[in-house]
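Here is a walk through one protein model, taken a piece at a time. Keep the structure open and look for each spot as we reach it.

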Amino acid sequence: MKNYYIGIMSGTSMDGIDAVLAEISDDGQTTVLCHKDVPFEKNLKNTYFDLQAASDNEIHKEALAANHLAQHYHLACAAILQEAKLQPSDISAIGAHGQTIRHQPQAHDGIGYTKQSLNPALLAELTGIDVIADFRSRDIAAGGQGAPLVPAFHAAQFGCHEDLAILNIGGIANLSLIPANREEKMIGFDCGPGNVLMDHWVKQSIGQSFDEDGQWAAKGQVIQKLLSSMLDDDYFKKTPPKSTGRDLFNPEWLQHHLKINDCLNQKPEDIQATLLALTAQSIAQDLKQHGPKTKRLLICGGGINNKQLIAHLKNACAWIPQDNIQSTAVKGVDPQTVEAAAFAWLAWAHQRKQPANLPAVTGAKGLRVLGAHYPA
């Protein structure tokens with residue numbers, strides 16, 4: 001029997017669901033065989049935006065959204081099975097991430113929490129396939145940040161003979177720093193905002209869901225005092241392990257910086273240009289500080305399609321040869337599928353009782369097998 005797994009990811013950008021069919025070898029090498037991108041329904045997306053902050057009747061709203069998301073995940077799985085001409089019995093398990101609505105590691109009581117909305121039991125019932133879900137909670141319980149969880153997969157899939165960095169630009173940007181010397185510790189952490197603030201601002205300003213190729217940002221000029229103010233946030237001064245999300249980098253955070261810097265009446269395209277610079281420069285400064293020996297940078301996630309952002313990033317990472325800043329596609333993995341493939345791999349690791357090897361990344365105490373099992 002082949003080791004077929006389905007991985008499903010819906011990230012901070014909330015632009016849709018990425019689902020992949022992956023074949024995973026006994027040594028953990030992952031081959032993506034099929035990819036489906038399922039857009040969020042507008043009402044579900046709006047509900048998840050609302051659930052990012054305290055509101056009335058949250059438990060009820062989240063429970064219904066979790067059911068709805070499971071149904072969306074089921075449709076993605078059905079589409080994959082149909083294209084691949086497979087039956088549910090051919091699939092070892094589904095690795096399902098869910099939709100993050102709160103991420104508060106080590107906060108409040110020293111333990112904190114993270115909440116990914118999904119009804120995995122319903123997904124198992126609908127698909128007839130075992131589901132592995134709730135990956136982040138065990139890492140939080142072990143004293144970790146619960147994120148990012150993808151560096152273990154990055155190391156297994158992309159690790160090589162040179163010091164390598166993998167950059168995922170989703171709603172939040174995160175880095176995996178993988179040393180050529182396997183005796184050295186791998187590092188992984190969230191840098192700060194990826195697309196999340198840019199997507200919010202372009203939607204609010206001109207009604208577009210995203211800034212295609214960064215064309216609108218390219219029309220603006222960076223507001224240096226605003227950029228400096230945002231980069232002065234305490235999060236950017238933290239050393240890894242660290243993780244973040246919409247709990248911090250949200251419209252209220254942006255509005256605060258616009259107000260204190262007297263930028264409320266600035267040209268909106270100038271603010272967009274500044275948000276793009278914030279993403280690029282926060283990534284570059286973290287990479288230079290924590291991965292100064294990096295010889296190659298591979299990029300994945302939706303942000304790779306923002307040509308203006310990638311150009312700015314290459315300029316900010318001038319110490320890395322320009323030809324060595326590339327898409328993960330050069331390693332045979334579509335940049336849009338990397339995170340979904342990672343959760344297929346984490347499901348594979350869970351079933352083999354193989355720990356994700358993340359303590360140095362997230363700060364967890366010891367190795368843990370991640371995820372909870374929901375049998376079909």
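Which residues does Ser117 touch, not counting residues up to four places away in sequence? They are Tyr48, Glu62, Ala65, Ala66, Leu69, Gly98, Gln99 and Ile101. Before we go on, keep in mind that this is a predicted model.

## Around Ser117

Let's stay with that serine for a moment. Ser117 sits in strand 6, which covers residues 112-117. Is Ser117 buried or exposed? Ser117 counts as buried, because its relative accessibility is 0% and the cut-off for buried is under 20%.

One of the residues that Ser117 touches is Glu62. Here the link is also a polar contact: the side chain of Ser117 pairs with the side chain of Glu62 at 2.6 Å.

## Helix 6 and what covers it

Now move along to helix 6, residues 196-206. Its buried residues are Val196, Leu197, Met198, Asp199, Trp201 and Val202. So what covers them? The cover includes two strands, strand 9 (172-178) and strand 10 (187-193). Helices take part as well, among them helix 7 (215-218), helix 10, helix 11 (268-290) and helix 12 (307-316).

Just after helix 6 comes Gly207, and its phi is positive, near 75°.

## Two backbone angles to look up

Gly207 is a glycine with a positive phi, but you can also find positive phi values at residues that are not glycine. Met14 is one of these, with a phi of about 55°. Look for Met14 in the loop between strand 1 (4-9) and strand 2 (17-24). Lys85 is not a glycine either, and its phi is positive at about 55°. Lys85 lies in the loop between helix 2 (58-84) and strand 4 (91-96).

How do their surroundings compare? Met14 is buried, with a relative accessible area of 0%. Lys85, on the other hand, is exposed, with a relative accessible area of 75%.

## Cis peptide bonds

Next, have a look at a couple of prolines. Ala147 and Pro148 are joined by a cis peptide bond, and omega there is about -10°. Pro148 is in the loop that runs between helix 4 (136-141) and helix 5 (151-158).

Another cis peptide bond goes from Pro240 to Pro241, where omega is near 5°. You'll find Pro241 in a loop too, between helix 9 (234-237) and helix 10 (251-260).

## Cysteines

How many disulfides does the structure hold? The count is 0. Take Cys191, which is in no disulfide: the nearest cysteine sulfur belongs to Cys317 and is 9.7 Å away. A disulfide needs its two sulfur atoms within 2.5 Å, so this pair doesn't qualify.

Cys191 is buried, with a relative accessible area of 0%. Cys263 counts as buried as well, at 0% relative accessibility.

## Enclosed spaces

There are also some gaps inside. The count comes to 2 cavities of 30 Å³ or more. The largest cavity has a volume of about 40 Å³. Its lining is made of Asp139, Ala356, Asn357, Leu358, Pro359, Ala364, Gly366, Leu367, Arg368 and Leu370. Sorted by class, that makes 6 nonpolar, 2 polar and 2 charged residues.

The second largest cavity holds about 30 Å³ of space. Phe135, Leu346, Ala349, His350, Gln354, Pro355, Ala356, Val369 and Leu370 line this one. Here the classes are 7 nonpolar, 2 polar and no charged residues. Look for Ala356 and Leu370, which turn up in both linings.

## An open pocket

Last stop: the second largest pocket, with a volume of about 330 Å³. It is lined by 19 residues, and the closest to its centre are Ala152, Ala155, Arg182, Met186 and Asn357. Helix 5 and helix 14 (359-362) are the elements that give two or more residues to this lining.

By class, the lining of the second largest pocket has 14 nonpolar, 2 polar and 3 charged residues. Asn357 may ring a bell: this residue also belongs to the lining of the largest cavity.

Terms used:
Residues are numbered from 1 along each chain as its sequence is written. This is a predicted model: local features need pLDDT of at least 70, side-chain atom pairs count only at pLDDT 80 or more; totals for chains, interfaces and linings use all residues. Side-chain values use heavy atoms; hydrogens and water are left out. On a 1 Å grid over the protein atoms alone, a cavity is a set of points where a 1.4 Å probe fits but cannot get out, and a pocket is an open set with protein on both sides within 12 Å along at least five of seven lines; lining residues have an atom within 4 Å of a point. Grid points are joined across faces, edges and corners, and a volume is the space filled by probe spheres set on the points. Ala, Val, Leu, Ile, Met, Phe, Trp, Tyr, Cys and Pro count as nonpolar, Asp, Glu, Lys and Arg as charged, and the others, Gly among them, as polar. Helices (H or I, at least four residues) and strands (E, at least two) are DSSP runs, numbered from the N terminus. Buried means under 20% relative accessible area, exposed over 50%, partly exposed in between (1.4 Å probe, protein chains only). A polar contact is a pair of N or O atoms within 3.5 Å; within protein, one must be able to donate a hydrogen and the other to accept it, and residues adjacent in sequence count only if both atoms are side-chain atoms. Contact means heavy atoms within 4.5 Å.
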